[in-house]
Amino acid sequence: MATRVQHALDQLKNNGVRITPQRHAILTYLLESMGHPTADEIYRALEPRFPNMSVATVYNNLKMLIEANMVRELTYGDNSSRFDADVSDHYHIVCEMCGKIKDFSYPSLSDVERKAEEMTGFVVHGHRLELHGVCETCRNQ
């Protein structure tokens with residue numbers, strides 16, 4: 001995992017981004033957890049190490065990481081955005097009871113994108129597949 005973090009830090013440095021201790025910690029947290037935390041969850045996890053860091057600092061760093069294509073923002077209606085450091089093509093399943101999000105892989109849906117373009121005249125820039133259900137933990141409670 002340290003290699004992934006170092007590679008990401010090197011990529012930022014090469015793009016002229018200054019690596020602050022807070023930025024390093026936010027990126028490391030995202031890459032090591034590989035979960036889908038909210039900005040508030042990231043803030044609460046790092047606040048003991050950075051008591052002077054604000055939630056705005058977390059949001060600003062997340063925005064920069066999104067612009068650098070190192071993090072994806074996952075929006076779910078009225079709920080807080082969640083952030084995903086896995087920018088590879090993959091999909092999500094969301095627990096309807098606890099909100100847990102898990103990644104899963106499935107073959108590319110590029111044929112669906114092409115068909116949508118043919119049928120609608122749109123130029124497709126991407127898609128997001130999201131399944132909903134109840135996770136094993138919630139089912140067993």
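Which element gives the most to the lining of the largest pocket? Keep that in mind as you look through these close-up views of a predicted model.

**View 1. The largest pocket and its lining.** This pocket has a volume of about 330 Å³. It is lined by 16 residues, and those closest to its centre are Arg72, Asp89, His90, Tyr91 and His127. Two elements, strand E1 (72–74) and strand E3 (91–95), give two or more residues to the lining. Here is the reply to our opening puzzle: E1 gives the most, with three residues. If you sort the lining by chemical character, you find five nonpolar, six polar and five charged residues.

**View 2. Helix H2, from end to end.** Helix H2 covers residues 21–33, which makes 13 residues. At 1.5 Å a residue it should span 18 Å, and its end C-alpha atoms are indeed 18 Å apart, so the expectation and the model agree. Several H2 residues are buried, namely Arg23, Ala25, Ile26, Leu27, Thr28, Leu30 and Leu31. A handy rule for looking at such a list is that an α-helix has 3.6 residues a turn, so residues three or four places apart point the same way. After H2 comes Met34, with a positive phi near 50°.

**View 3. The largest nonpolar core.** Which of the 23 residues here touch the most other members? They are Ile26, Leu30, Leu62 and Leu65. Helix H1 (2–14), H2, H3 and helix H4 (55–67) each supply at least two residues of this core, and H2 has the largest share, with five. Zoom in on Ile26 and, leaving out residues up to four places away in sequence, you can find it touching Ile42, Leu46, Met53, Thr57, Val58, Asn61, Leu62 and Leu65.

**View 4. Thr38, in the loop between H2 and helix H3 (39–46).** Is Thr38 buried or exposed? Its relative accessibility is 11%, and because buried means under 20%, Thr38 counts as buried. Setting aside neighbours within four places in sequence, Thr38 is in contact with Ser80, Ser81, Arg82 and Phe83.

**View 5. Asp40 of helix H3, together with Ser80.** Asp40 has a relative accessible area of 33%, so it is described as partly exposed. How far apart are the C-alpha atoms of Asp40 and Ser80? They are separated by 8.9 Å, although the two residues are 40 residues apart along the chain. Ser80 may look familiar from the previous view, where it is in contact with Thr38.

Notes. Residues are numbered from 1 along each chain as its sequence is written. This is a predicted model: local features need pLDDT of at least 70, side-chain atom pairs count only at pLDDT 80 or more; totals for chains, interfaces and linings use all residues. Side-chain values use heavy atoms; hydrogens and water are left out. On a 1 Å grid over the protein atoms alone, a cavity is a set of points where a 1.4 Å probe fits but cannot get out, and a pocket is an open set with protein on both sides within 12 Å along at least five of seven lines; lining residues have an atom within 4 Å of a point. Grid points are joined across faces, edges and corners, and a volume is the space filled by probe spheres set on the points. Helices (H or I, at least four residues) and strands (E, at least two) are DSSP runs, numbered from the N terminus. Ala, Val, Leu, Ile, Met, Phe, Trp, Tyr, Cys and Pro count as nonpolar, Asp, Glu, Lys and Arg as charged, and the others, Gly among them, as polar. The expected span of a helix is 1.5 Å times one less than its number of residues. Buried means under 20% relative accessible area, exposed over 50%, partly exposed in between (1.4 Å probe, protein chains only). Contact means heavy atoms within 4.5 Å. A nonpolar core is a set of buried Ala, Val, Leu, Ile, Met, Phe, Trp, Tyr and Cys residues joined through side-chain atoms within 4.5 Å.
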